[in-house]
Amino acid sequence: MKAKIQTVIGTDVQRAADLLLAGRLVGMPTETVYGLAADATNALAVAAVFEAKQRPTFDPLIVHIANAEQLPLVVSEIPKRAKILSRAVWPGPLTIVLPKRPEISDLVTSGLPGVGVRVPQHPMALELLKRTGRPLAAPSANLFGGISPTTAQHVLDGLTGRVDYILNGGPCEVGVESTVISLMSDDAVVLRPGGFPIEQLERLIGPVKRAVTDPALDDAAQPAPGMLSRHYAPGTPMRLISVDELAEPESGRHCGLLTWGDWPASGGFERIFRICEDYNLQICAANFFAGLRDLDSAGLDVIIARQFPEVGLGVALNDRLRRGASGKAPAQTKPD
Ligand code: TXA
Ligand code: MG
């Protein structure tokens, strides 16, 4: 019988590095969300990530590297736009999909020709990458489809017994996952809006396209992996309201409200989580997943959530809200 893992939280980077080099899994803080890290060059360790997260193998993992100079270890081609973006944004919340080197296991990329790479901006993650000397494959450290973790405790709540060690790097500063951009063809295509705003991407490399989830297709057949209509989802049903709609509870039901700013809500909500007192999308993003978790654990019948203006980080937050709210595809929005 497989021995149950005793999950430990701590700040010992060397211990975390030794575990990774021994093929074990480590919860790794990054500026976006916590990752479930494994040595990307160890196929067994990578397989253990999929198992621990209960993640389908059609959804590839992001590979984290210590700095842009390590890119040639992972990718076979570095187009000009990749150079511009990596110089301007890394370390930071942007994942770039580029042609992979044959040495990168097909398990990491789910058999795709491209690998998603980023340099995270968190001192502990960078130190871990330096001490292991290996690229680290790390999806968000939550069970597949659930709410991403932004504290070490969130990782423990979801993955206790499934991960050896969780490095505690405090709450994540950005709070929403990295923006994923593919540079596999002449078009630059954003596969997932995230912590690096699309407007800023376009200022650096010109117009980018947006991949859109097709509700008629199965999850595995979406135009890009990971574009699942239902994702980032609380267990409690969630209903969205627009930016300028008055939040009202549903009669006879235990209702919670996820909101921001000084916009009023009518009485009768059992629990209100205001992720930011005014209009600051950075603060909204930093508190977003913690707010969703708080309401999800309050035994409510429904969570009503106020959407964000479709600009900057609001694009990523609305994307997470729509995917969390239903099995339906997100609205086809373009951030301009
Ligand atoms: O901020 C983040 O990106 C966090 C931290 C830990 O770095 N990681 C993260 O990983 O959110 P994950 O696995 O939860 O989401 C990664 C997304 C998935 O939707 C995946 O499908 C996409 O990136 N992705 C990864 N590699 C890809 C590839 N080779 N081609 C296309 N999409 C890819
Ligand atoms: Mg994830």
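These exercises work through a predicted model of one protein chain.

**Exercise 1. Confidence**

Task: Find what the mean pLDDT of the protein chain is, and where pLDDT stays under 50.

Solution:
- Start with the whole chain. Its mean pLDDT is 93. Of its residues, 94% reach 70 or more.
- Then look for the weak stretch. Over residues 328-336, pLDDT stays under 50. The model has 21 contacts beyond four places in sequence for this stretch.
- Now decide how to treat such contacts. Where pLDDT is low, predicted coordinates should not be read in detail.

**Exercise 2. Cysteines**

Task: Determine how many disulfides the whole structure has, and why Cys284 does not bond to Cys276.

Solution:
- Search the whole structure. The count of disulfides is zero.
- Take Cys284. Its closest cysteine sulfur is in Cys276, 4.5 Å away. A disulfide needs the two sulfur atoms within 2.5 Å. The pair is therefore too far apart for a bond.
- Check burial, using the limit of under 20% relative accessible area. Cys284 has 0% relative accessibility, so this residue is buried. Cys255 has 1% and is buried too.

**Exercise 3. The nonpolar cores**

Task: Identify which residues have the most contacts inside the largest nonpolar core, and which element gives the largest share.

Solution:
- Take the largest core. It has 46 residues. Leu94 and Ile181 have the most contacts inside it.
- List contributors. Elements that give two or more residues include β3 (35-39), α4 (80-89), β6 (114-118) and α8 (198-205). The largest share comes from α2, with five residues.
- Look around Ile181, leaving aside neighbours within four places in sequence. Its contacts include Leu85, Leu94, Ile96, Val190, Leu201 and Val208.
- Move to another core, which lies apart from the one above. This one has 26 residues, among them Ile147, Cys276, Leu281 and Leu295.

**Exercise 4. Strand β5**

Task: Establish whether β5 is enclosed or open, and in which sense it pairs with β9 and with β6.

Solution:
- Count burial. Six of the six residues of β5 are buried, so the strand is largely enclosed by the rest of the structure.
- Pair β5 with β9 (residues 179-182). The sense is parallel, over four bridges. Thr95 stands opposite Val180.
- Pair β5 with β6. The sense is antiparallel, again over four bridges. Ile96 stands opposite Val117.

**Exercise 5. The open sheet**

Task: Give the order of the four strands in the open sheet, and say which strands stand at its edges.

Solution:
- Read the order. It is β12-β15-β13-β14, with parallel pairing.
- Find the edges. β12 (238-241) and β14 (271-274) each have a single partner strand, so one side of each lacks a neighbour in the sheet.
- Note the turn. Neighbouring strands are turned by 20 degrees against each other on average, direction ignored.
- Inspect one pair. β13 (residues 255-259) and β15 (residues 302-306) pair over four bridges. Cys255 stands opposite Val302 in β15.
- Add the helix. α10 (residues 313-325) packs on the sheet and touches β12, β13 and β15. Its direction makes about 140 degrees with that of β12.

**Exercise 6. Leu73**

Task: Decide whether Leu73 is buried or exposed, and name its contacts beyond four places in sequence.

Solution:
- Place the residue. Leu73 is in helix α3.
- Apply the limit. Exposed means over 50% relative accessible area. Leu73 has 56%, so this residue is exposed.
- List contacts beyond four places in sequence. They are Arg101 and Ile104.
- Compare positions. The C-alpha atoms of Leu73 and Thr259 are separated by 44 Å. Along the chain, these residues are 186 residues apart.

Key:
Residues are numbered from 1 along each chain as its sequence is written. Chains are lettered from A and ligands numbered from 1 in the order in which they are written. This is a predicted model: local features need pLDDT of at least 70, side-chain atom pairs count only at pLDDT 80 or more; totals for chains, interfaces and linings use all residues. Side-chain values use heavy atoms; hydrogens and water are left out. Buried means under 20% relative accessible area, exposed over 50%, partly exposed in between (1.4 Å probe, protein chains only). A nonpolar core is a set of buried Ala, Val, Leu, Ile, Met, Phe, Trp, Tyr and Cys residues joined through side-chain atoms within 4.5 Å. Contact means heavy atoms within 4.5 Å. Two strands pair if DSSP finds at least two bridges between them. Axes are lines fitted to C-alpha atoms, for helices over the stretch in contact, and angles run from 0 to 180 degrees between N-to-C directions. pLDDT is the predictor's confidence in each residue, from 0 to 100.
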